[in-house]
Amino acid sequence: MAQSSVVDFDAIKKNLADLPKPIQILDENSKVVDKEAFDSFSDDDLVEFMKKMVWERALHEQTMNFSRQGRMGFYAPTEGEEASEMGTVLAMKKQDYLLPAYRDVPQLIQHGATVTEAYLWSRGHVVGNKYEARAMMPQIIIGAAYDEAAGVAMGLKKNGEEAIAFTYTGDGGTSQGDSYEGMNFAGAFQVPALFIVQNNGFAISTPRNKQTAAPSLAQKAVAAGIPSVQVDGMDILACYKVAKAARDYIIAGNGPVMIETLTYRYGAHSSAGDDPSRYRTEEDTKPWHEKDPLIRLRKVLEDKGLWSDEQEDSLVDEYKATFKDAIKEADAVPVDKVSDMLKRTFEIPTPEMRKEIEKFEAKESN
């Protein structure tokens, strides 16, 4: 059928795919591609970024060991996403409010929760939700943290606080209605919210190209009137700079922002047992390993004489020792009783619930 003379839909569709290059400071070969941005970091800054990524990689490795030992509940691997997660969370302030999803436990710990509390959360223990961090517990419902962030940001705005609500989801989360609703609310009321999409290419086993025809996930914020940007999610320096710029923009009263980080999780979606080899090939994964965020920054530091294998190995041993102490602390916390859980459900238990409480208390006293 001939193209309409009134509107050229082909041209509109083509323009959607005309995307700027994702923001980078270090490319995949550790070459500085934005010298001005790179020079704004001190040597101490660069070393600290490296330490945080080594910490998260060690946390992943040790937690996976605990999971294989049957000492964890639900766990979502994060290996490969260290730059995306550490780069963004380190740009936030302690007064900011974190609305994490289940893969965002490392950010939750960096924002103020303890590793012991994170392990207890994984086991479903109530103590795992009683951290001092300004954050809610990790959200299991896909995309729902976006709704929570919009609501919390509205509260921050009404209270006149100099703080933002920041939240994460994966690429699959942007296919959920919750994410649209949260962004639409945030855009309509111009609340101080930062929406971060960690685009790791798969929603469990569903590849991104089967989830959506959108050329970028960042574009999905446009319909809500929210400015958005893509960043190289394997470049911690770029992730930090973009997240900091977004926070500054939001704090200045300009409304919400969305950041899409292009990253990759090397392992399975969760410790529950999906097999990534059934939906990803070695050819799919190899290029991402070559972009590994730790390798990328490590080379820069080594060239500056700021890093060594011995230093990294020592840090890994130190970090893993603290994680082993944390799991022992979690093991020592008394088991959460069913009767206690029921008592917490309502301020005043219903008559039916009182009967259930009595029943379980009788069982638990045996």
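In this predicted model, the side chains of E290 and K286 come together in a salt bridge, with 2.5 Å from N to O. Both residues belong to helix α10, which covers residues 282-290, and E290 and K286 are four residues apart there, or about one turn of the helix. Side chains of opposite charge can pair when their charged atoms come close. As for how open the two partners are, E290 counts as partly exposed because its relative accessibility is 46%. K286 gets the label partly exposed too, with 47% relative accessibility.

That pair is part of a wider set, since the structure holds 19 salt bridges. Another one links D248 to K244, and here the closest N and O atoms are 3.2 Å apart. What separates D248 and K244 along helix α9? The two sit four residues apart in this helix, which runs over residues 236-254, so about one helical turn lies between them. With 40% relative accessibility, D248 falls into the partly exposed class. K244 is also partly exposed, at 34%.

Helix α14 supplies a further example. K359 forms a salt bridge with E356, and their closest N and O atoms are 3.4 Å apart. The helix spans residues 351-364, and because K359 and E356 are three residues apart in it, they are separated by about one helical turn. Is K359 buried or partly exposed? Its relative accessible area is 38%, so K359 is partly exposed. E356, at 33% relative accessibility, counts as partly exposed as well. Salt bridges can also chain up by sharing partners, and in this way R57, E79, E82 and D292 are joined into one network.

Next come the empty spaces. Rolling a probe the size of a water molecule over the atoms shows where empty space is left. The largest pocket holds about 310 Å³ of space. Its lining is made up of 24 residues, and the ones nearest the centre of the pocket are Y102, R103, I142, T169 and G170. Which elements give two or more residues to this lining? They are α7 (144-159), β2 (165-170) and β4 (202-203). Of the elements, β2 gives the largest share of the pocket lining, with three residues. Sorted by chemical class, the lining of the largest pocket has 10 nonpolar residues, nine polar ones and five charged ones.

A cavity turns up as well. How many cavities of 30 Å³ or more does the structure hold? There is one. The volume of the largest cavity is about 150 Å³. This cavity is lined by 16 residues, and T63, Y75, V105, P106 and Y119 are the closest to its centre. The elements giving two or more residues to the cavity lining are α3 (43-68), α5 (105-110) and α6 (115-122). Here α6 provides the largest share, four residues. Broken down by class, the cavity lining comes out as 12 nonpolar and four polar residues, with no charged residues. The charged class therefore looks like a handy point of contrast: the pocket lining includes five charged residues, whereas the cavity lining has none.

Zooming out, the domain assignment splits the chain into domain 1 (9-335) and domain 2 (336-365). Taken over C-alpha atoms, the centres of domain 1 and domain 2 are separated by 38 Å. There is also a database annotation to set beside this: an unreviewed UniProt entry lists residues 50-337 as "domain: Dehydrogenase E1 component". In the model, that span of residues 50-337 is 46% helix and 11% strand, and the C-alpha atoms at its two ends lie 41 Å apart.

One last residue worth a look is M341, which is found in helix α13 (residues 338-345). M341 counts as partly exposed because its relative accessibility is 43%. How far apart are M341 and S175 in sequence and in space? Along the chain, 166 residues separate M341 and S175, and from C-alpha to C-alpha the two are 34 Å apart.

How values were computed:
Residues numbered from 1 in each chain as written. Predicted model: local features only at pLDDT ≥ 70, side-chain atom pairs only at ≥ 80, totals over all residues. Heavy atoms only, no water. 1 Å grid on protein atoms, 1.4 Å probe; cavity = no way out; pocket = protein on both sides within 12 Å on 5 of 7 lines; lining within 4 Å. Points joined across faces, edges and corners; volume = space filled by probe spheres on them. Nonpolar A, V, L, I, M, F, W, Y, C, P; charged D, E, K, R; others polar. Domains from an automatic or database assignment. Salt bridge = Lys/Arg side-chain N within 4 Å of Asp/Glu carboxyl O. Buried < 20%, exposed > 50% of the residue type's maximum accessible area, 1.4 Å probe, protein only. UniProt positions renumbered as here; feature names shortened; annotations may be inferred.
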